[in-house]
Amino acid sequence: MASAQIDIPQDILDSARLSPEALKQELAISLYAQRRLSIGKARELAGMSLWQFRQLLSSREVSAHYDEKELLEDLDTVSNWDRSAS
């Protein structure tokens, strides 16, 4: 897996009162809120489980990206599960 590194001077981290891990979480929250990352990729960047990341989003009052189209897709999926179980 390829990766990229960003050099951030320690004095910047100190001024922001952030550890490198906390900075990654902040970046993940921001990119998710801007709809640039899915929740799965954002939680991966944050180094958190899905449950932990959802809790973090909730604490920051960042709403889940779940629209009517996704709801209809999920309902269709559930409907198909019921048919295949018969």
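In this predicted model, L56 makes contact with Q25, I29 and M48, leaving aside residues up to four places away in sequence. L56 also belongs to the largest nonpolar core, which has eleven residues. I29 and M48, two of the residues that L56 touches, are members of this core as well. The remaining members are A28, Y32, I39, A42, A46, F53, L57 and V62. Helices α2, α3 and α4 each supply at least two residues of the core. In soluble globular proteins, nonpolar side chains tend to be buried together.

Two members of the core, Y32 and F53, form an aromatic pair. The structure holds one such pair. The arrangement of Y32 and F53 is edge-to-face, with a distance of 6.3 Å centre to centre and an angle of 85° between the planes. The angle of 85° is over the cut-off of 60 degrees, so the pair counts as edge-to-face. The pair links distant parts of the chain, with Y32 in helix α2 and F53 in helix α4 (residues 50–59), 21 residues apart. Y32 has a relative accessibility of 3% and therefore counts as buried. F53 is likewise buried, because its relative accessible area is 0%.

Y32 is also one of the residues touched by H65. H65 is located in the loop between α4 and α5 (68–85). Its contacts, not counting residues up to four places away in sequence, are Y32, A33, R35 and E70. Although H65 is a loop residue, H65 counts as buried because its relative accessibility is 18%, and the cut-off for a buried residue is under 20%. The loop between α4 and α5 also contains E61. In contrast to the buried H65, E61 is exposed, because its relative accessible area is 75%. E61 and M1 are 60 residues apart in sequence, and their C-alpha atoms are 32 Å apart in space.

R35, one of the contacts of H65, is found in the loop between α2 and α3 (39–46). The phi angle of R35 is near 65°, a positive value in a residue other than glycine. R35 has a relative accessibility of 60% and so counts as exposed. A positive phi angle is also found at R17, where the value is near 55° and the residue is again not glycine. R17 lies in the loop between α1 (10–16) and α2 (20–33). R17 counts as exposed because its relative accessibility is 76%, and the cut-off for an exposed residue is over 50%.

The largest pocket has a volume of about 610 Å³. Of the 17 residues that line this pocket, A4, I6, K24, L27 and L45 are the closest to its centre. Helices α2 and α3 each supply at least two residues of the lining. The most is given by α2, with five residues. By class, the lining consists of twelve nonpolar, two polar and three charged residues. Helices α2 and α3 thus appear both in the pocket lining and in the largest nonpolar core.

How values were computed. Residues numbered from 1 in each chain as written. Predicted model: local features only at pLDDT ≥ 70, side-chain atom pairs only at ≥ 80, totals over all residues. Heavy atoms only, no water. Helix = DSSP H or I, 4+ residues; strand = E, 2+ residues; numbered from the N terminus. Buried < 20%, exposed > 50% of the residue type's maximum accessible area, 1.4 Å probe, protein only. 1 Å grid on protein atoms, 1.4 Å probe; cavity = no way out; pocket = protein on both sides within 12 Å on 5 of 7 lines; lining within 4 Å. Points joined across faces, edges and corners; volume = space filled by probe spheres on them. Nonpolar A, V, L, I, M, F, W, Y, C, P; charged D, E, K, R; others polar. Phe/Tyr/Trp six-rings, centres within 6.5 Å; stacked < 30°, edge-to-face > 60°. Core = buried A, V, L, I, M, F, W, Y, C linked by side-chain atoms within 4.5 Å. Contact = heavy atoms within 4.5 Å.
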